[in-house]
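Subject: Structure handover

Hello,

Please find the structure below, with the sequence. My notes on strands, salt bridges, a pocket and two backbone angles follow it.

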Amino acid sequence: MRYLFLFLAFWPFTSWSQDSTFQFRGKVLDAQQQAIPGATLRLMKDSLVLKGTTASADGSFQWAGLPAGHYQVLVTALSYETLQQSIQLSESVTGFIITLKPAKSTELKEVTVAGKRPLMEHELDKTIINVDAMLSSASSHSLDILEKTPGVSVDQDGTIRLNGMSSVTVYVDGRPTYLSGRDLLDYLKSLPGGTLDRLELMTNPSTKYDAAGGAIINIRLKKNRLKGMNGNAALGYNQGWTTRMNHSVSLNYNQKKVSLTSTLSYSKDANQSREFFDRTITDEAGNPIQKVQLQNRSWLQGHAFMARLGLDYTLSQKTSLGFLINYTNNPKREGLTYASNSFSTQLDSTGRGSVTGTSDRYNLGTNLHVLHQFNTKGHELSADVNYITYHTQAFQSIENQKIDNFYQANFQYQLPAFLSIYSAKTDYTYPFPKGLIEAGAKWSFIRNDNDYRYLQMVDNQLLVDDRKSNHFIYDERIAAAYLNARKTLGRWQMQGGLRLEQTLMSGHQLANREWEESRFSRNYVSLFPNAYLSYKLDSTGTNSLILSASRRINRPGYNQLNPFLFYRDNYSYSTGNPNLKPAFIQQVELKFQHKQSWGLSAQYSRFRDIFFESTEAQGDIFISRSANVAIGQLMSLNPYLNLNPASWWMANLSGSLVRLSIMNTVLYGEKVDSQLLTGRINLQNQFKITKSWSAELSAMYSGPSINGQVHLKSRYSLNAGVQKKLWKDKASIRVNAEDVFRTWIQRDYIQSLRQADQYHEMRMDTRRIGLAFTYRFGKESRKRGKVDTAEEEKGRVN
């Protein structure tokens, strides 16, 4: 609650400025005095863009907090001539009318984009990554794009980090995916890069969002709100050790009250990795008594088919209704072969084995949403109902052999999994002069049902071994309510909110012939405050300071609670932890921003009961499971710099300097006390060679990092690409090279293992050549009338 006190403490000192600034409100109309929704307006002073906005459904726009002076307003709209108009502001202006003349053709057969969106855009509450600015995006899937995103990293176990923070929640179009770990990675691989519009990175989300996760990555998919029938297609081919493909086509129809969007995509995923493990087992005095060396080779081949259909219908001028349905099918095959050598004073035994598996995942998501707008602009009520289901049928066959000991074992896993998600929410927004109030409620129910069976080969027959099988059902119910308020006073902008969440969770392991039934449950209520304060250091808003603070929660993934013991090789197992507790996060961020040119943020986060993948050595067997650690903290400095060294050259440099600490605790009888200072640098250069030719050159460096007991060494990569635009910019061909020198190699070692040490190295299929073709088709003219769906409206007021 101290963050709210900080918020209130600043309020009295802001009233001095509210009388020295003015409002500027008006409408954008055509020659027949009809509204032009979606028109883009820029407010400029001495050729410097101060603010930008978009005309609403009735053509209205507004700016607040403007000091007296002379300004220019630049207005652009598809099918209309561009207009620049001067105004002298000495008092608040309302009812200002801007009239645009039609262009020579009101139905344009093509659209010429004068400028290219930059890779990164920085707003007060989030950083936007424009995916199309990455030349490799069309030939990649979404996970590849995330790994190349400044500030984002992806660990081998599926942990996604933002500026060093491991508790990241992934959204798609403003809705949580409810997935984590390997399940989340598989889903992101099924989403072609050609379907992505932008990524929104939020390190301190408002109380409007779920409290789960210390940070949020919101993936926005491409949408087209132009009149008539139009669409785009992307074909992507990617070759390394293996072949990957990412193809998608989107078709949109907008006419009068109906807006229809559809997407079809196909992805082929393939990968190979080569791993080496060097393990040393010691006695209590630390003297080596055994060494185990493992060489693993794994492979994966998969396909993903995705269909997405959305319909929005305008019931009246104030009310719209829509639905969205999404279906994904993701079958794959994967395998691993290993060879092992075990030594004491000499070679004692050798072994070999293999794991082969198949899986087939079906995902169905449905959404129904409604939006009602009241008389006042921005005064609205929206509601969403969602049902999502993930169904996986998986099968694995394992063959092991220790040659010198004449030991052989063959067994299989049957791994069906069912995940069902129900959620409903409502949001209310009430604007008032220079501010707004938001309130809402949400309810969700999640059931994860895993019926894992271990089958042993006995006398050439596969028999279920109940001692090594389990049927685990996890239920989670979350009820939430929030209140958020925002106020602008001169150069100050303040926002504060409070979110209340009640969590009821339960785990149920069903009985079989070997195990008795067992249950666990938890019920807790938590408050999550959020405060935000910004100040413009000059009258034009060129320089700004932003201070934000929040409390959030990181809940365990569903499978992290399942106690099933899962085999990897003769010396490696993994299991869940039913005793895993949620982690609570308190974080503060101070950010300075100079236009879009450069900025610097400082962040401090403190974690209680943080959990990470831990390893316990039981002789020469290593068992991995998630475990809680008492306290951890993270401090980071995150600068960015956007440069134009020449008219044909744009450069973006971003990085982070991170201090990560895990406080003194004991894990499996060993002290864990990790301290690390590390950094990350991303550099992207974009070159305009001619009007139709462009290129990019990017480099990425990731310094050493820690994930609990695991210490990862630094690595780097270099990527390059070139693009040729065709057919009056309606199409393009892109060629790109990833990890040119094959330097993105993971090397790590495990500390704090009782009587054991491990070094690990993994080389993956990272050096690749990609080829992509994109094409935009159909007539493109602006649809007149109400074009915003419920999701777009809600995204505006984050």
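Strand E8 and strand E9 (residues 127–130) run antiparallel and are joined by 3 bridges. Within that pairing, Glu 121 is opposite Ile 128 of E9. Please keep in mind that this is a predicted model. The two strands belong to an open sheet of 6 strands with mixed pairing, in the order E8-E9-E14-E15-E12-E13. Its edges are strand E8 (120–122) and strand E13 (175–176); each has a single partner strand, so one side of each is left without a neighbour in the sheet.

Next to E13 in the strand order is E12, and the loop between strand E12 (168–172) and E13 holds Asp 173. The phi of Asp 173 is near 55°, a positive value in a residue other than glycine. Most residues other than glycine have a negative phi. Asp 173 has a relative accessible area of 2%, so this residue is buried. A second aspartate with a positive phi is Asp 739, where the angle is near 45°. Asp 739 sits in the loop between strand E44 (731–738) and strand E45 (746–750). With 3% relative accessibility, Asp 739 also counts as buried.

Salt bridges

There are 33 salt bridges in the structure. Side chains of opposite charge can pair when their charged atoms come close. I picked out three pairs.

Arg 220 and Glu 200 form a salt bridge in which the closest N and O atoms are 3.6 Å apart. Arg 220 belongs to strand E15 (residues 215–221) and Glu 200 to strand E14 (residues 196–202), so the pair ties together parts that are 20 residues apart in sequence. These strands are neighbours in the order of the 6-stranded sheet. Are the two partners buried or exposed? Arg 220 is buried, at 7% relative accessibility, and Glu 200 is buried too, at 2%.

The other two pairs involve the loop between E14 and E15. Lys 208 and Glu 438 meet through their side chains in a salt bridge, at 3.6 Å from N to O. Lys 208 is in that loop and Glu 438 is in strand E25, so this pair links distant parts of the chain, 230 residues apart. The relative accessibility of Glu 438 is 1%, which counts as buried; Lys 208 is buried as well, with a relative accessible area of 11%.

In the third pair, Asp 210 forms a salt bridge with Arg 499, and the closest N and O atoms are 3.1 Å apart. Asp 210 lies in the loop between E14 and E15 and Arg 499 in strand E28, so parts that are 289 residues apart in sequence are tied together. Both Arg 499 and Asp 210 are buried. The pair is also part of a network: salt bridges that share partners join Asp 210, Lys 442, Arg 499, Glu 501 and Arg 555.

The second largest pocket

The second largest pocket contains about 630 Å³ of space. Its lining has 33 residues, and the closest to the pocket centre are Arg 467, Lys 468, Pro 563, Phe 564 and Leu 565. By type, the lining divides into 16 nonpolar, 11 polar and 6 charged residues. Which strand gives the most to the lining? The answer is E23, with 4 residues. The elements that give two or more residues include strand E25 (435–458) and strand E28 (492–509), which also hold Glu 438 and Arg 499 of the salt bridges above. Strand E22 (380–402), strand E27 (470–489), strand E29 (518–536) and strand E35 (621–646) are also among them.

A three-stranded sheet

A further open sheet has 3 strands in the order E4-E1-E7, again with mixed pairing. Strand E4 (60–66) and strand E7 (93–99) are at its edges with a single partner strand each, so each has one side without a neighbour in the sheet. On average, neighbouring strands here are turned by 25° against each other, direction ignored. Strand E1 (residues 22–29) pairs with E7 in the parallel sense over 5 bridges. Lys 27 has Ile 97 in E7 as its bridge partner.

Regards

Definitions and conventions: Residues are numbered from 1 along each chain as its sequence is written. This is a predicted model: local features need pLDDT of at least 70, side-chain atom pairs count only at pLDDT 80 or more; totals for chains, interfaces and linings use all residues. Side-chain values use heavy atoms; hydrogens and water are left out. Two strands pair if DSSP finds at least two bridges between them. On a 1 Å grid over the protein atoms alone, a cavity is a set of points where a 1.4 Å probe fits but cannot get out, and a pocket is an open set with protein on both sides within 12 Å along at least five of seven lines; lining residues have an atom within 4 Å of a point. Grid points are joined across faces, edges and corners, and a volume is the space filled by probe spheres set on the points. Ala, Val, Leu, Ile, Met, Phe, Trp, Tyr, Cys and Pro count as nonpolar, Asp, Glu, Lys and Arg as charged, and the others, Gly among them, as polar. A salt bridge is a side-chain nitrogen of Lys or Arg within 4 Å of a carboxyl oxygen of Asp or Glu. Buried means under 20% relative accessible area, exposed over 50%, partly exposed in between (1.4 Å probe, protein chains only). Axes are lines fitted to C-alpha atoms, for helices over the stretch in contact, and angles run from 0 to 180 degrees between N-to-C directions.
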